[in-house]
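Dear colleague,

Please find below the structure I wished to pass on to you. I should be grateful if you would look through it alongside the notes that follow.

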Amino acid sequence: MQYLAIALFLAGCWEVANSDLNQLIFRNLSIVNDMAFLMIMLLPIPFMIYVDRIQHKRYHKMYLTLEIICIADYIACTALHNMHIVDYTNTIGFMAIICVTSIFFLVATIIMDIIRHYVKQYRYVAIGMLCVSASAVLQFISYFQTTNIFYGATLAFGLVVLFIFAVGETLDTVGRTYREKQEAIMAGEAKTKFLANVSHEIRTPINTVIGLNTMILRECENTAIRDYAMDIQNASQSLLVLVNDILDLSKIEFGKMELVEAEYDFGGMIRDVINMLTPKARAKKLAFTLSVDEGIPSVLFGDDIRLRQILVNLLNNAVKYTENGSVSLVVKGKVIGEDVQLSFHVKDTGIGIQKEDLQKLCEEFIRINDYRVRNVEGTGLGLSITSQLLELMNSKLQVNSVYGKGSDFYFVIKQHIVNSEALGNLEKRIRIRTEKEGYQASFVAPTVKILLVDDNSMNRKVFLSLLKQTKVQITEAVGGYDCLEKIKTQKYDLIFLDHMMPDVDGVETLHRIKEMTNHPNTHTPVVALTANVNAKSKEYYQAEGFQAFLPKPINPDNLEKMIVSMLPDEMMEQGLHEVVISDDTKELLPAIQGIRWDMALELLQNHNVLVATVADFTLQGRKDKQRLNDYYDSLFAAEDMDEEEAIRLYRIQVHSMKTSAAMIGAIALSELAKYLESAAKG
């Protein structure tokens, strides 16, 4: 658009120079005449540049040639005029030929775009350019056939028309851009909603798998079964990482990713990272080494969750792409005033990266085209998310790599110092476990009373199992109404409230709790349990009145930490009770048509848990069946229930049954529930 403005400015100057106003503005008429000729020689150039741009340079070479000719004509005519060899007036014919040639070429390209259906991209400007071209040609014809004087009225009319149509084109572009922006926003919201639904669908079964598998690792002595359970744990965590990566990518794309800074124990954060990656390195028989500067302050202020995610991504990649040798994490620190500058190096002796592939590392869903990584799992999201998280921390991911010998990924960040006490020899204090150890609860609180509200009996079973060793008193509520009844008579120290329930959902239940009076749980903190985790989850649940939210699948450590953080210290006792591991006593499972015990055992990995789960499913199944019949019947009885509400409750119910049926090996029933849920969604 700036080139059109230049063209209109030049045309305006030419018009003034050829009008009766020239004597008022310029005292020297020879300068006015020279300026008029200069303007007419330069005038085609900005017009051609402008049209070339809006035509996306389809005819760029020809435009460039004409622009060079115009400039050459300008230089030659000006030089001849200044040397008093040939006056501008005597070269007007050459000027006219070049201008008319430029005009005809402009018109020709527009006609070609009309034929090729490209003119829709700039239809208003095309009309304006045709008008100004016609007016310019008429202006030249008038000059040579009549008085040899440029009055400029015809050209001025064409320029006004062009200006009007150019403004129209601009308004149309702005409107189109606004519509595209709105469509992009709607698409983004749809994407976020879709990802939230996917998160809920995937996290619900993962919650059960990880929870019950954790109990197998805690309570089973059988080495073979524990090995199977560890494989399940690793596979489940990999799936969970994938879900989290996709959600993080969505947050970053829509600018919803934010750093949540808080005080954290730096040594504890490093210890968690090492403990997560050591089993994977040990499984591949890789040496895993750690070197941490002893002078790093022990307590820092920053987003340790995102820092942990970055280190896990880098170390996970290092282990993934290293078949022999070692993987190491080197951390150095330099205290600068009240901050510490931390440099992290993740080194490996893996396959290395070719120079031409380095620029592809942080691209989304892109994997290096190397035959050696064909069988390596992954989506190509880890480094992309890592790079963007570091940008939020005002840092940058860098890499040194030698193809075939290994890589060194490194970055530098600043963290504020909370406690300047030196970290000391962290390597000695971190024990890299070579043998699996029994689980030990982080606290024991026999006086703590917790109300768990969840319509899914399987979810309740997992929750109770995870907290069994803490000795807390847990009361179960099967839904929102049951919760509202229980809080009237019993004081609870903490309430865990599931979001998606059939009778009344968790949000509405919380609102009713706050509206109720004269009950002992007015100030009891409420935590949302949800599998719908997206970029806005934290803000949403806080706005609705929850003190916190706990994502599904429930992480045992996070569950215990949340309970400790939300209850008074005097209610907690240090966890000193080891789990007593019991033997599995297998019983013969009867053959039942439609039930795949083998698939159920593959999922649960524990005979006793399976038997208990089947018993729970059987008892719950009668109630679920009755509910489904009631919801279905209400679809045809408008006086009993609103049709939309009945469909919603029906969908929630079959959603719950889908997961429960799959857990006991009732695959056909689970698939039927899945089909019904899909149908209820429309």
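The notes below begin with the chain as a whole and then turn to one sheet, two helices and one aspartate.

Please bear in mind that this is a predicted model. The chain has 682 residues, of which 46% are buried. It contains 22 helices and 14 strands. Among contacts with a separation of 6 or more, 72% are between residues 24 or more positions apart. The accessible surface amounts to about 35,500 Å², and carbon and sulfur atoms contribute 57% of that area.

The sheet is open and consists of five parallel strands, arranged in the order 10-9-11-12-13. Strand 10 (473–477) and strand 13 (548–551) form its edges, each pairing on one side only. On average, and with direction ignored, neighbouring strands are turned by 20° against each other. Strand 9 (residues 449–453) runs parallel to strand 10 and is joined to it by five bridges. Within strand 10, glutamate 476 is the bridge partner of leucine 452.

Helix 14 (residues 457–466) packs on this sheet, where it touches strand 9, strand 10 and strand 11. The direction of helix 14 makes about 175° with that of strand 10.

The loop between strand 9 and helix 14 holds aspartate 455. Is this aspartate buried or exposed? Aspartate 455 counts as buried because its relative accessibility is 7%, and the cut-off for buried is under 20%. Leaving aside neighbours within four places in sequence, the residues in contact with aspartate 455 are Arg460, Val478, Asp498, Met500, Met501, Pro502, Gln620 and Ser656.

Helix 16 spans residues 506–515, and its buried residues are Gly506, Val507, Thr509, Leu510 and Ile513. Viewed down the axis of helix 16, these buried residues fall within an arc of 160° and therefore line one face of the helix. They pack against two strands, strand 11 (494–498) and strand 12 (526–530), and against helix 15 (480–489) and helix 17 (537–544). Strand 11 thus appears in both settings: helix 14 touches strand 11, and the buried residues of helix 16 pack against it.

At the N-terminal end of helix 16, aspartate 505 acts as a cap. One of its side-chain oxygens lies 3.2 Å from the backbone nitrogen of valine 507, a residue that is itself among the buried ones of helix 16.

With kind regards

Key
Residues are numbered from 1 along each chain as its sequence is written. This is a predicted model: local features need pLDDT of at least 70, side-chain atom pairs count only at pLDDT 80 or more; totals for chains, interfaces and linings use all residues. Side-chain values use heavy atoms; hydrogens and water are left out. Buried means under 20% relative accessible area, exposed over 50%, partly exposed in between (1.4 Å probe, protein chains only). Helices (H or I, at least four residues) and strands (E, at least two) are DSSP runs, numbered from the N terminus. The arc is that of the directions from the helix axis to the C-beta atoms. Contact means heavy atoms within 4.5 Å. A polar contact is a pair of N or O atoms within 3.5 Å; within protein, one must be able to donate a hydrogen and the other to accept it, and residues adjacent in sequence count only if both atoms are side-chain atoms. Two strands pair if DSSP finds at least two bridges between them. Axes are lines fitted to C-alpha atoms, for helices over the stretch in contact, and angles run from 0 to 180 degrees between N-to-C directions. Accessible areas come from the Shrake-Rupley method with a 1.4 Å probe; for residues, only the protein chains shown count as cover.
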